[in-house]
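Reader: I should be grateful for a close look at the disulfides of this protein. Please set them within the fold around them, and proceed from the whole to the particular.

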Amino acid sequence: MQQNVRVTHIVSLFLVSALCACSGEKSNAQDATKLSSAEVSQYAATGCDASLWNHVYSPKRLQQLAPCITVTGVIDESNADEDGDQHFLLKLDPGQDKLLNKRNQKKKSGDLVLEVVCANPTTMKKPKSACAGYTNPIHIPAVGEHVKATGTYVIDSHNGWAEIHPVSTFSK
């Protein structure tokens, strides 16, 4: 009898620990994943380059919500990342805020993250193979520029925010 109680206690502790460990990350990603297919389809686009996924470092971390969407807005920030990607923060034009989740609001000042893969040399060892022999020819817009960005809409599980990653095209 005591052994059954001990086993039940251990199992209960394990389940509570697992729930606590998982609860924070799920809440960050849930907002964007709650979008209905009709809501996402209003941003649906063509012209995404599926071959860019061959150059995404650690693609399993990206949960794909839509294979190809287009958004518009103003580039708020642009940085070359150590993994070789060019990272942007895009202040979305009005009416597109449903594409943002709580993590975008809290950690990215309400901006959508955009990533152009292999736009720069990488200084990290692991991502080098993803960009080996490839440099992305996409035009890199300037901070303050109004753009139309097309690419895959994802949740980055490492950070919890919504992104377009990889970006296939920028246009004005």
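Author: Among the contacts in the protein with a separation of 6 or more, 69% are accounted for by residues 24 or more positions apart. The model is a predicted one, and every value below is computed from it. The protein has 172 residues, of which 40% count as buried. Its accessible surface comes to about 9,600 Å², and 55% of that surface belongs to carbon and sulfur atoms. The secondary structure consists of 4 helices and 5 strands, and along the sequence these elements follow the pattern α-α-β-β-α-β-α-β-β.

The count of disulfides comes to 2. If the bonded cysteines are numbered in sequence order, the pairing reads 1-2, 3-4.

One disulfide is formed by Cys48 and Cys68, whose sulfur atoms are 2.0 Å apart. The torsion about the S-S bond of Cys48 and Cys68 is about 85°, so this disulfide is right-handed. Cys48 is placed in the loop between helix H2 (37–41) and S1, while Cys68 belongs to strand S1; the pair is 20 residues apart and links distant parts of the chain. As for accessibility, Cys48 is partly exposed, with a relative accessible area of 25%. Cys68, by contrast, has 11% relative accessibility and counts as buried, because the limit for burial is under 20% relative accessible area.

The other disulfide joins Cys118 to Cys131, with an S to S distance of 2.0 Å. The link of Cys118 and Cys131 is left-handed, with -85° about the S-S bond. Cys118 lies in the loop between S3 and H4 and Cys131 in helix H4, so the pair ties together parts that are 13 residues apart in sequence. Helix H4 spans residues 128–131. Both Cys118 and Cys131 are buried.

The surroundings of Cys118 merit separate attention. Its relative accessible area is 1%. Setting aside the neighbours within four places in sequence, Cys118 is in contact with His55, Gly84, Asp85, Ala130, Cys131, Tyr134, Thr135 and Asn136. Of these partners, Asn136 is 18 residues from Cys118 in sequence, yet the C-alpha to C-alpha distance between Cys118 and Asn136 is 5.5 Å.

The nonpolar cores come next. The largest nonpolar core has 23 residues, and those that touch the most other members are Ile69, Val71, Leu112, Leu114 and Phe170. Two or more residues are given to this core by each of strand S1 (62–80), S2, strand S3 (112–116), strand S4 (146–156) and S5. Another core, of 7 residues, lies apart from it, and Cys131 is among its members, as are Leu62, Val117 and Val154. Cys131 is thus a member of this core of 7 residues and is also the disulfide partner of Cys118.

Phe170, already named in the largest core, leads to the aromatic contacts. The count of aromatic pairs comes to 1. Phe88 and Phe170 form this pair, which is edge-to-face, with 5.3 Å from centre to centre and 75° between the planes. Phe88 lies in strand S2 (residues 86–92) and Phe170 in strand S5 (residues 162–171), so the pair ties together parts that are 82 residues apart in sequence. Phe88 and Phe170 are both buried.

Strand S5 itself is largely enclosed by the rest of the structure, because 8 of its 10 residues are buried. S5 pairs with S3 in the parallel sense over 2 bridges, and with S4 in the antiparallel sense over 7 bridges. Ile164 in S5 has a bridge partner in Leu114, and Tyr153 stands opposite Ile164 as well. The strands S4 and S5 form a hairpin with 5 residues between them, and in its turn Gly160 has a positive phi of about 90°.

To return to the disulfides: the link of Cys48 and Cys68 is right-handed and has a partly exposed residue in Cys48. The link of Cys118 and Cys131 is left-handed, and both of its cysteines are buried.

Conventions:
Residues are numbered from 1 along each chain as its sequence is written. This is a predicted model: local features need pLDDT of at least 70, side-chain atom pairs count only at pLDDT 80 or more; totals for chains, interfaces and linings use all residues. Side-chain values use heavy atoms; hydrogens and water are left out. Rings of Phe, Tyr and Trp (its six-membered ring) pair if their centres lie within 6.5 Å; planes under 30 degrees apart count as stacked, over 60 as edge-to-face and the rest as tilted. Buried means under 20% relative accessible area, exposed over 50%, partly exposed in between (1.4 Å probe, protein chains only). A nonpolar core is a set of buried Ala, Val, Leu, Ile, Met, Phe, Trp, Tyr and Cys residues joined through side-chain atoms within 4.5 Å. Contact means heavy atoms within 4.5 Å. Accessible areas come from the Shrake-Rupley method with a 1.4 Å probe; for residues, only the protein chains shown count as cover. A disulfide is a pair of cysteine sulfur atoms within 2.5 Å. Two strands pair if DSSP finds at least two bridges between them.
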